[in-house]
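Biologist: I am a first-year student, and I would like a close look at the empty spaces inside this protein and the side chains around them. Could you walk me through them slowly?

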Amino acid sequence: MNYGKQPDYMAILKIDDDERKGRLAFFELTEEDFQRLRALKPFADRWTHEITEGLYELLMGQPESRVFFPDDATLSHVKKMQNSYFLGLFSANFDLGYVRDRLRVGATHERIGMPPKLYLGAYHRYLHLIHMKLVEHFNGNETEATKALSSIRKIIFFDMALAIDTYIAAYLETMTRHQAAIRELSTPVIKVHDRILLLPIVGTVDTQRAHQIMETVLLQVVEQQAKVMILDIAGVPVVDTKVADHILKTTAAVQLLGSQTILTGISASVARTVVQLGVEITRMHTRAKLSEGIELALSIVGKRITSKTSHGGEEVRP
């Protein structure tokens with residue numbers, strides 16, 4: 001992932017001021033809750049450090065969560081951030097800036113690989129610790145403590161929903177990039193010679209991959225100003241009607257760009273299948289072996305392979 005430039009999750013999740021207000025209303029956060037939270041600022045100032053210590057006591061007791069805090073400096077930093085987060089709950093200023101900060105939390109958790117169960121488990125402990133301190137703060141008055149906890153719980157769940165939404169969006173974005181990289185690796189276009197390109201196709205060709213192949217081929221034909229594109233299907237296990245149709249469509253598109261297509265890697269079984277299917281492939285050149293296809297491609301661009309009598313090798317000559 002390019003950590004220097006993170007995706008705009010506000011745009012991805014379509015969060016504007018109306019969405020923010022709608023989310024606050026969904027979690028039943030009212031002006032009464034906002035006033036109560038602001039009134040609890042002295043409580044937050046008094047207990048934030050003890051609540052944070054109790055939270056990280058739980059986290060550091062789990063082997064799988066300790067890996068995210070490899071040294072004392074990291075642990076000290078995240079505790080300081082947690083203290084700031086807790087104090088921010090009692091500002092009751094839940095504007096778009098506040099929302100963007102919550103989204104950043106979710107993206108960070110996904111980036112470092114923290115599983116959601118640790119995040120959710122930590123907040124379960126967090127709310128328990130807050131409740132205990134609220135009872136102490138209100139001198140055992142359970143009614144007032146419950147009201148205060150209700151307001152705090154609402155905004156914490158509001159925050160959790162934002163963070164988890166972003167976690168999922170970040171995960172999907174990561175998976176999309178990985179799939180794009182895999183597709184790119186699965187369609188490697190090789191420059192055989194000046195204006196001659198080769199695409200060895202290996203594995204199953206489904207509709208999505210066929211579109212990727214066509215897109216890659218056309219892009220490279222234009223960029224390389226290729227006159228010949230060799231498609232080698234020796235690595236394709238099954239050639240059926242769909243595969244043949246994809247090849248024909250790619251060939252037609254290449255011809256529209258003024259280039260020719262050579263299909264190589266045709267085995268006896270593939271040839272028999274193509275004939276049985278009645279697929280018309282006269283619009284392209286065909287060769288059984290890749291070496292024969294390369295030789296034909298060279299001849300198309302005015303080159304040929306000749307023996308070097310003095311050195312016993314081969315060279316390409318005009």
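Modeller: Happily! Let us begin with the largest cavity, which holds about 80 Å³ of space. Please keep in mind that this is a predicted model. Three elements each give two or more residues to the lining of the largest cavity: helix α10 (207–224), β3 (228–235) and helix α11 (241–256). Of these, α11 makes the largest contribution, with four residues. If you want to find the lining in the viewer, look for Ile-201, Val-205, Ala-210, Ile-213, Leu-231, Ile-233, Val-243, His-246, Ile-247 and Thr-250. Sorted by class, eight of the lining residues are nonpolar, two are polar and none is charged.

How do we find such spaces at all? Rolling a probe the size of a water molecule over the atoms shows where empty space is left. In this structure, three cavities reach 30 Å³ or more.

Now move to the second largest cavity, with a volume of about 70 Å³. Its lining is made of Ile-233, Val-239, Ala-244, Ile-247, Leu-263, Ile-266, Val-270, Val-274 and Ile-281. You have met two of these names already: Ile-233 and Ile-247 also line the largest cavity. At least two residues of the second lining come from α11, and at least two come from α12 (268–277). Here the class count is simple to remember, with nine nonpolar residues, no polar ones and no charged ones.

Next come the pockets. The largest pocket contains about 810 Å³ of space. Its lining has 30 residues, and those nearest the pocket centre are Tyr-56, Met-81, Gln-82, Val-105 and His-109. Which helices take part? At least two lining residues come from each of α4 (41–60), α6 (72–88), α7 (96–112), α8 (116–137) and α9 (142–186). The lining of this pocket is a mixture of classes: 19 residues are nonpolar, seven are polar and four are charged.

The second largest pocket has a volume of about 200 Å³. Around it you will find Gln-6, Pro-7, Asp-8, Tyr-9, Met-10, Arg-100, Leu-103, Arg-104, Ala-107, Thr-108 and Arg-111. Two elements give two or more residues to this lining, namely α1 (9–12) and α7. The largest share is that of α7, with six residues. By class, five of the lining residues are nonpolar, two are polar and four are charged.

Two of the helices that line the largest pocket, α6 and α8, are also worth a look for their aromatic rings. A pair of aromatic rings is described by the distance of the centres and the angle of the planes. The structure has 11 aromatic pairs. In one of them, the ring centres of Tyr-85 and Tyr-123 are 6.4 Å apart and the planes stand at 90°, so this pair is edge-to-face. Tyr-85 belongs to helix α6 and Tyr-123 to helix α8, so the pair ties together parts that are 38 residues apart in sequence. Are these two tyrosines buried or exposed? Tyr-85 has 10% relative accessibility and counts as buried, and Tyr-123, also at 10%, counts as buried too.

A second pair links these helices. The rings of Phe-86 and Tyr-126 have centres 5.8 Å apart and planes at 70°, so they too are edge-to-face. Phe-86 lies in α6 and Tyr-126 in α8, so this pair ties together parts that are 40 residues apart in sequence. Both Phe-86 and Tyr-126 are buried. Step back a little and you can see one aromatic cluster, formed by Phe-43, Tyr-85, Phe-86, Phe-90, Tyr-123 and Tyr-126.

Rings can also have a charge over them. Arg-46 lies over the face of Trp-47, at 3.8 Å from the ring centre. In another case, the charged end of Arg-102 sits over the ring of Tyr-98, 4.8 Å from its centre.

Let us finish with one short helix pattern. In α3 (residues 31–39), the buried residues are Asp-33, Phe-34 and Leu-37. Looking down the axis of α3, you would see these buried residues fall within an arc of 100°, so they line one face of the helix. The general rule helps here: an α-helix has 3.6 residues a turn, so residues three or four places apart point the same way.

Terms used
Residues numbered from 1 in each chain as written. Heavy atoms only, no water. 1 Å grid on protein atoms, 1.4 Å probe; cavity = no way out; pocket = protein on both sides within 12 Å on 5 of 7 lines; lining within 4 Å. Points joined across faces, edges and corners; volume = space filled by probe spheres on them. Nonpolar A, V, L, I, M, F, W, Y, C, P; charged D, E, K, R; others polar. Buried < 20%, exposed > 50% of the residue type's maximum accessible area, 1.4 Å probe, protein only. Arc of directions from axis to C-beta. Phe/Tyr/Trp six-rings, centres within 6.5 Å; stacked < 30°, edge-to-face > 60°. Lys NZ or Arg CZ within 6 Å of the ring centre and 35° of its normal.
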